[in-house]
Amino acid sequence: MPERQPIMAGNWKMHHTHLEAIQVVQKLSYQLDEKDYDGCEVVVCPAFTALRSVQTVLEADRIPIALGAQDVHWKEQGAFTGEVSPVMLAKLNVSYVIVGHSERRELFGETDETVSLKLKAVLKHGMSPIVCVGETLDEREAGRTDTKVSGQIRAGFAGVRGEDPLRCVVAYEPIWAIGTGRNATPEDASATIAVIRQTLRELYKGDADEIRIQYGGSVKPGNIADLMAMPEIDGALVGGASLDPVDFSRLIKYRA
Ligand code: PGA
């Protein structure tokens with residue numbers, strides 16, 4: 001079984017101006033030392049308006065935190081008012097792009113098809129997608145969790161081949177757990193993540209065991225250790241608790 005390096009990604013959503021983002025990333029870096037970065041890959045995903053500022057701080061101070069974006073368009077350029085292209089993100093040394101977050105799917109009409117286009121565009125431009133999948137409460141109660149997430153994986157990864165799957169990260173985020181304070185139990189999260197990995201194995205055979213799968217949804221300093229104790233869970237995609245640098249650093253130091 002390959003060693004998968006844990007990955008903790010902060011999704012700041014529509015929070016933090018560029019000035020606040022600079023302060024947060026600096027404060028986060030003061031909390032972390034070499035050993036923390038060795039144990040875990042750290043990613044921050046600021047709003048588009050803060051990407052350039054955060055990039056500058058990370059590079060000037062040589063902070064080994066990877067820069068992520070929260071969304072992207074799949075075309076390289078064109079008449080798409082309000083959109084941001086993968087070329088623009090790659091130029092800012094963005095390493096990760098969240099694709100198909102449930103807020104984009106539920107509130108902004110993102111479909112499995114657009115998720116797949118975005119995923120491939122991110123890969124094409126040398127970045128790694130963090131592909132989000134997850135079920136609603138109704139779907140969970142109706143026993144449709146496994147079909148929902150495996151369907152989202154198959155649709156999203158359609159046409160992704162060769163070495164590309166190895167660069168992808170998947171985030172399992174039950175929609176009912178996002179921002180609600182109600183996290184999935186480590187056992188439930190792990191069981192669904194096992195279904196996701198099985199779906200990836202059907203697509204990519206042994207390579208699937210190298211793809212990192214995060215859990216997301218009300219991850220907090222108080223529940224991270226139990227989640228990370230599950231061998232199937234390779235890290236977390238964190239909203240609320242990533243906004244505060246001390247809280248986020250406690251998640252990164254989950255072993256302490
Ligand atoms: P939350 O958000 O940690 O605030 O629940 C998670 C996410 O949406 O990625």
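The following paragraphs describe helix α9, the nonpolar cores and one helix pair in a predicted model. Residues are numbered from 1 along each chain as its sequence is written, and side-chain values use heavy atoms, without hydrogens or water. Local features need pLDDT of at least 70 and side-chain atom pairs count only at pLDDT 80 or more, whereas totals for chains, interfaces and linings use all residues.

Helix α9 (helices being DSSP runs of H or I of at least four residues, and strands runs of E of at least two, numbered from the N terminus) covers residues 186-204, and because the expected span is 1.5 Å times one less than the number of residues, its 19 residues should span 27 Å, which agrees with the 26 Å between its end C-alpha atoms. Its buried residues (under 20% relative accessible area, with a 1.4 Å probe and protein chains only) include A189, I193, I196, L200 and Y204. Among the elements that cover the buried residues of α9 are β5 (128-133), α8 (145-156) and β7 (212-216). Just after α9, K205 takes a positive phi of about 55°.

L200 is, with F157 and Y215, one of the residues with the most contacts inside the largest nonpolar core, which has 66 residues; such a core is a set of buried Ala, Val, Leu, Ile, Met, Phe, Trp, Tyr and Cys residues joined through side-chain atoms within 4.5 Å. Leaving aside neighbours within four places in sequence, L200 is in contact (heavy atoms within 4.5 Å) with residues including I153, F157, V170 and K205. A second, separate core of 12 residues includes I98, C132, A171 and L237.

Elsewhere, residues H18, A21, I22, V25 and Q26 in α1 meet T49, A50, S53, V54, V57 and L58 in α3.

Conventions. Buried < 20%, exposed > 50% of the residue type's maximum accessible area, 1.4 Å probe, protein only.
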